Amino acid sequence: MVTRAVASEPPDPSIGVPYTAKPAGGTGTDLVSRLGASRTAGSWVDAAGRPVVAVTDEKAAAEVERAGARAKMVDHSMKDLKSAAATLRSAPRVAGTAWALDYKSNQVVVRGDSTVSASDWSRLTDVAEGIGGFVRMERTEGTFTTRLNGAQPILSTAGRCSAGFNVTDGKSDYILTAGHCGPDGSLWFADDRGREQVGTSLRGSFPGDDYSLVKYDGGRAGQGADVVSVGGGKGVRITGLADPEVGQKIFRSGSTSGLRQGEVTALNATVNYPEGTVTGLIETNVCAEPGDSGGPMFADGVALGVTSGGSGDCVAGGTTFFQPVTKALTELGVKLIVAKQAGGGTGAAPAPSASQGAAAASPGSSAPVSGADVSSLLSRLTDPRNVGPGMLVIAGSLVALVATRWIRAEQDRKAYRQYYSATWG
């Protein structure tokens, strides 16, 4: 089934013009950019929400402190970390491995899942030791897989995924989703019988990156194009996009496991899926399951990424990787469809025309998942009557598991409401 990111049909393509919102640790990102890759080694947000910048010299530390951020002295610069990652990429590829730049520990963390043989792990360990002691090797349970599940009811010619965000090129509207969900030409349906066609995949990139577009058959996303579903008939208005910060609290929504919360743990991650290698991903500790692929990751109404893959599930937990939205939109030449900001704040998208009749929206504020035509597919996709009899039999044998997941999903929904209590409707 597909979790839609649907809301109002833009009468004017200019509504698709995005604004770039600064993440919670924007000051840290700015300082890293200003001081350079030789004097810094990334930034993150601490538990109190204060930006922290890793620096390699006292002068840089003083500049960071003057800017109101906290400086942490480290031994290895961003150049060192990226050089280590490049060396790992040049080594023979081992499916089931991943690595990311861990700014907090000033290390490159290499992980191997349960499919990696002892001999392959030994060879990769030799490569890491040749780089230096700041490369940390870890084995992880489960397997690194894309979050597509072809065993569930098929909603496209390639399998089952989730929609991410609605985007536009000014002429037509599209769903932004994961590239591994299906090659160009894959057809998407609203039901498991293939009777209600939603659109067709095109302009995807996987492996390497992990994004693609699904062009709406009718050309428009329909009412609700600026909202992503978070379950319970609720949606979150999307008002912009940004690159995330390490330590930033985030939420993810998907068609299998619903709304989940977590935080960004690393950036510039590389994952060697069985299908191929994807680079430049966002690493998080939020859970995801098969069928959640392509679903949206966001914070405070700001679009950050679409679900790529990971390990584990939403019972035991795990690691999930996301394709950054900013890079995908740049490469695809499309723009995010966003809601009008309350009060017309700085950098907001142009206001919708009067004929649209949309209310002003605060970042992260709630909205009903509504709309005719395409948006009505959400309710049908989450209707158990659309699941085949065989799946219902299986579901009957998994009542306890479903109950556990439901309870956790409710807890995450409550956490979201608490986090955004000022704007939750």
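In this predicted model, the buried residues of helix α3 are covered by several elements, including β1 (40-45), β4 (97-102), β5 (107-112), α4 (118-131) and β6 (135-139). The residues beneath this cover are Met-78, Leu-81, Ala-84, Ala-85 and Leu-88, each of which is buried in α3. Viewed down the axis of α3, the buried residues fall within an arc of 130°, so they line one face of the helix. This arrangement fits a familiar rule of helical geometry. An α-helix has 3.6 residues a turn, so residues three or four places apart point the same way. The face of α3 turned away from the buried side tells the other half of the story, for it carries the exposed residues Lys-79 and Ser-90. Here, exposed stands for over 50% relative accessible area and buried for under 20%.

The length of α3 can be checked as well. The helix comprises 13 residues, 78-90, and at 1.5 Å a residue these should span 18 Å; the C-alpha atoms at its ends are 18 Å apart, which agrees.

Attention now turns to strand β20. This strand covers residues 302-313, and 10 of its 12 residues are buried, so the rest of the structure largely encloses β20. Which strands pair with β20, and in what sense? Strand β21 (residues 317-324) pairs with β20 in the antiparallel sense over 8 bridges, and strand β19 (residues 296-299) is joined to β20, also antiparallel, by 4 bridges. Strand β7 (residues 145-146) runs antiparallel to β20 and is joined to it by 2 bridges. Strand β15 (residues 240-241), by contrast, runs parallel to β20, again with 2 bridges between them.

Individual residue pairs help to place these partners along β20. Gly-240 stands opposite Val-302 of β20, while Ala-303 of β20 has Phe-298 opposite. Further along, Gly-310 of β20 faces Thr-145, and Ser-311 has Thr-319 in β21 as its bridge partner.

Two of these pairings are made through hairpins. The hairpin of β19 and β20 has 2 residues between the strands, and in this hairpin Asp-300 takes a positive phi near 55°. On the other side of β20, a hairpin of 3 residues leads to β21.

How values were computed: Residues are numbered from 1 along each chain as its sequence is written. This is a predicted model: local features need pLDDT of at least 70, side-chain atom pairs count only at pLDDT 80 or more; totals for chains, interfaces and linings use all residues. Side-chain values use heavy atoms; hydrogens and water are left out. The expected span of a helix is 1.5 Å times one less than its number of residues. Buried means under 20% relative accessible area, exposed over 50%, partly exposed in between (1.4 Å probe, protein chains only). The arc is that of the directions from the helix axis to the C-beta atoms. Contact means heavy atoms within 4.5 Å. Two strands pair if DSSP finds at least two bridges between them.
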